[in-house]
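User: I'm new to this one and would like to know what lies behind the labels people put on it. Could you take me through it?

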Amino acid sequence: MAFDNIIGTTLEKYVTSGKATDNIFARTAVLDFLKRRAKLDVQGGRKAVVPVMGAKNTTFQNYSGYDTLTPAVDEIINTAEYDWKQSAIYVPMSGLERAKNSGPQAVIKLAQAKMDNAEMTAAETFEDMLFNGTGSSTGYSWSSSKEWIGLASLVGTTTSAGGINGTSETWWRSTVDTDAVALSLTDLAHVYNSVSYGSDKCDFEVTTQLGYERYEALLQANQRFTDATTGKAGFENLIHKGGVVVWSDYCPAGEWYFLNSRHIKLSVLDGEWMKWKGFIQPYDKDA
């Protein structure tokens, strides 16, 4: 039972301390943005529920003296609801691997290597789903309704998401620029300004490597500012107006997303997020 006692308790402590989550989300700039800047939205319940404002309050009035104030009941709050999605990844260890790696430290090193691989795999799959997941049977890579609902479904002119119809509820639509023109600072500034209002601004932009390099080429030497926090996290970045610009291998060709950390969240189920299930030894296997 030395195997179970040493590895099981070591990995359980590793996962419950949050190190696994930190390591997964520190592998890509987009996942790092979701955890560090947008913040994880810890919830419980049957579905992930997000209150959204779909209208203005029409009861604002100017008045004088004894004027009668006219109240009204406005339906200003709508609710977007999303089904929970589940993911799992195994960290296998055979009896032969344990025997070849004699001594507690050797076994732990092998387990750590397997954990590193699991974290890398999870991070890349999460990011792929973040961009390309549709949450439907016609999904991008997984063709499964069990996948994440990613930016491919959340961003669009007539996209329905969270049970809200983006065709009829025009306020729910994203701003999308589909002009087939060469990338320019003017075009980028126009989209940035279109999705910003006062202090409520886009603060994170992600595109392809090609898009990133084309933007970099447009900048003069004295315009190539970077975000220190994102850089400190290990990710190459540039600044565009008030937003950090990064690139991802999983961003679809020709796409450039303008995101606002106040309005995009990764909801996680309380008590189940990154939960270590413990080692299980099948009755018919030395593993």
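Analyst: Let's start with the aromatic rings: Tyr215, Trp256 and Phe258 form one aromatic cluster. Keep in mind that this is a predicted model, where local features need pLDDT of at least 70 and side-chain atom pairs count only at 80 or more, while totals for chains, interfaces and linings use all residues. Residues are numbered from 1 along each chain as its sequence is written, and side-chain values use heavy atoms, with hydrogens and water left out.

User: What makes two rings a pair, and how many aromatic pairs are there?

Analyst: Rings of Phe, Tyr and Trp (its six-membered ring) pair if their centres lie within 6.5 Å; planes under 30 degrees apart are stacked, over 60 edge-to-face, and the rest tilted. That rule gives 7 aromatic pairs. In one of them, the centres of phenylalanine 131 and tyrosine 257 are 6.0 Å apart with planes at 50 degrees, so this pair is tilted.

User: Where do phenylalanine 131 and tyrosine 257 lie in the chain?

Analyst: Phenylalanine 131 belongs to helix H5 (residues 104-132) and tyrosine 257 to strand E7 (residues 256-259), so the pair links distant parts of the chain, 126 residues apart. The names follow DSSP runs, numbered from the N terminus: helices are H or I with at least four residues, strands E with at least two.

User: How do you know whether phenylalanine 131 is buried or exposed?

Analyst: Buried means under 20% relative accessible area, exposed over 50%, and partly exposed in between (1.4 Å probe, protein chains only). Phenylalanine 131 has 0%, so buried it is. Tyrosine 257, at 6%, is buried too.

User: And why does lysine 39 get the label "partly exposed"?

Analyst: Its relative accessibility is 48%, which falls between those two limits, so lysine 39 counts as partly exposed. You'll find lysine 39 in the loop between H3 and strand E1 (40-43). Its phi is near 75 degrees, a positive value in a residue other than glycine.

User: What makes something a nonpolar core, and which residues touch the most other members of the largest one?

Analyst: A nonpolar core is a set of buried Ala, Val, Leu, Ile, Met, Phe, Trp, Tyr and Cys residues joined through side-chain atoms within 4.5 Å. The largest has 27 residues, and Leu34 and Phe204 touch the most other members. Several elements supply at least two residues each, including helix H2 (19-25), helix H3 (29-36) and strand E8 (266-269). H5 gives the most, with 6 residues. Apart from this core lies another, of 11 residues, among them Leu188, Cys202, Tyr212 and Leu219.

User: How do you know that the buried residues of helix H8 share a side?

Analyst: In H8 (residues 209-218), Gly211, Tyr212 and Tyr215 are buried. They cover an arc of only 100 degrees around the axis, so they sit on the same side of H8. The arc is taken from the directions that run from the helix axis to the C-beta atoms. As background, an α-helix has 3.6 residues a turn, so residues three or four places apart point the same way.

User: What makes the buried residues of H7 line one face?

Analyst: Those are Leu188, Ala189, Val191 and Tyr192. Down the axis of H7, they fall within an arc of 165 degrees, so they line one face of the helix. They pack against E4, H8, E5, E6 and E7, where contact means heavy atoms within 4.5 Å.

User: What makes the link between threonine 208 and glycine 211 a polar contact?

Analyst: A polar contact is a pair of N or O atoms within 3.5 Å; within protein, one must be able to donate a hydrogen and the other to accept it, and residues adjacent in sequence count only if both atoms are side-chain atoms. Here the backbone nitrogen of glycine 211 lies 3.0 Å from a polar side-chain atom of threonine 208, so the distance is inside the limit. Threonine 208 lies in the loop between E4 and H8 and, at 13% relative accessibility, counts as buried.

User: Where is the predictor's confidence lowest, and where is it highest?

Analyst: Confidence in each residue is given by pLDDT, from 0 to 100. It is lowest in helix H1 (residues 2-16), at a mean of 64, and highest in E7, at 93. For the chain the mean is 82, and 89% of residues reach 70 or more.
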